[in-house]
Amino acid sequence: MIKIIGIDPGLSETGIGMVRGTGQKVDGFSFGSIHTSTEDSLSNRLNQIFSKLLQIIKQEKPDIMVVEDIFSLKKYPKSGITLGKVTGVILLAGCQVDVEVAEIPVREAKKALTGNGNASKIQLERAVRHFLNLTAPIRPNHASDAMALALIGLFRYENSHTKSAWC
């Protein structure tokens, strides 16, 4: 059995999803998020994300960390830069405890779980609930996205050590 942590980077809210299982079978899961206050400085918020995530990784000891690859919208280039900073501290946390890290674009996550790379957040959340046999919506939304990443990590784990399943 393996343990995968999925991370959906965000400055205000970083989603976290954890799954345990083998292949397509999920034996256990948990999810949540790390919140930061807009009243804190950027450096303090990044430190909070790093510190809390590092604590979770040390406690849970996942085999792989799957992080949503950052993207930038032409309309909001500053958001992409901020996401890059958040992703940087997330990758650093994984490196600090020597966890294998894979980055997956959001379109790939959507396609893997819904069959459509342009699926809405609602469609992705429903697909995640289906795989986990849940009836209640997964909240917060970032936790649902993180669970999607963790599920992809679980589904691809066996192939990742024999060929490049992450690309």
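This report walks through the fold, the cores and a few individual residues of a predicted model.

## Overall fold

Let's start with the big picture. The protein has five helices and five strands, and if you read along the sequence, they come in the order β-β-β-α-β-α-β-α-α-α. The radius of gyration is 15 Å, close to the 15 Å that the globule rule gives for 167 residues, so the protein is as compact as a globular protein of that length. If you want a box for the C-alpha atoms, take roughly 40 × 35 × 30 Å along the principal axes.

Contacts across the sequence are well represented too: among contacts with a separation of 6 or more, 60% link residues 24 or more positions apart.

## Surface and charge

Of the 167 residues, 46% are buried. The protein exposes about 8,800 Å², and carbon and sulfur atoms supply 52% of that area.

As for charge, there are 20 positive and 16 negative charges in the protein, and the mean positions of the two sets sit 5 Å apart.

## The nonpolar cores

The largest nonpolar core has 22 residues, and the members touching the most other members are Ile4, Val19, Leu113 and Val128. At least two residues of this core come from each of strand S1 (2-8), strand S4 (64-68), helix H3 (106-114), helix H4 (121-132) and helix H5 (141-160). H5 gives the largest share, with nine residues. Apart from this core there is another one, of 19 residues, and its members include Leu11, Leu53, Met65 and Val99.

Ile4 is a handy residue to click on if you want to look around the largest core. Setting aside neighbours within four places in sequence, Ile4 is in contact with Gly17, Met18, Val19, Ile64, Val66, Ala150, Gly153, Leu154 and Tyr157. One of these partners, Val19, is itself among the members of the core that touch the most others.

## A buried aspartate

Now for a charged residue away from the surface. Aspartate 145 is part of helix H5, and its relative accessible area is 7%, under the 20% cut-off, so aspartate 145 counts as buried. Leaving out residues up to four places away in sequence, aspartate 145 touches Asp8, Lys121 and Leu124. So what does that mix hold? Two of the names carry charges of opposite sign by the counting used here, Asp8 as negative and Lys121 as positive.

For a sense of distance, phenylalanine 71 is 74 residues away from aspartate 145 along the chain, and their C-alpha atoms are separated by 15 Å.

## Backbone oddities in the loops

The loop between H4 and H5 is worth a look in your viewer. Proline 140 is in that loop, and the peptide bond leading to proline 140 from arginine 139 is cis, with omega near 0°. Asparagine 133 lies in the loop between H4 and H5 as well. Its phi is near 55°, a positive value in a residue other than glycine. The side of the story about solvent is simple: asparagine 133 is exposed, with a relative accessible area of 71%.

Lysine 61 also has a positive phi, about 50°, although lysine 61 is not a glycine. You'll find lysine 61 in the loop between helix H1 (42-60) and S4. With 61% relative accessibility, over the 50% cut-off, lysine 61 counts as exposed.

How values were computed
Residues are numbered from 1 along each chain as its sequence is written. This is a predicted model: local features need pLDDT of at least 70, side-chain atom pairs count only at pLDDT 80 or more; totals for chains, interfaces and linings use all residues. Side-chain values use heavy atoms; hydrogens and water are left out. A nonpolar core is a set of buried Ala, Val, Leu, Ile, Met, Phe, Trp, Tyr and Cys residues joined through side-chain atoms within 4.5 Å. Buried means under 20% relative accessible area, exposed over 50%, partly exposed in between (1.4 Å probe, protein chains only). Helices (H or I, at least four residues) and strands (E, at least two) are DSSP runs, numbered from the N terminus. Contact means heavy atoms within 4.5 Å. The radius of gyration is taken over C-alpha atoms; the globule rule is 2.2 Å times the number of residues to the power 0.38. Accessible areas come from the Shrake-Rupley method with a 1.4 Å probe; for residues, only the protein chains shown count as cover. The place of a charge is taken as NZ of Lys, CZ of Arg, CG of Asp or CD of Glu.
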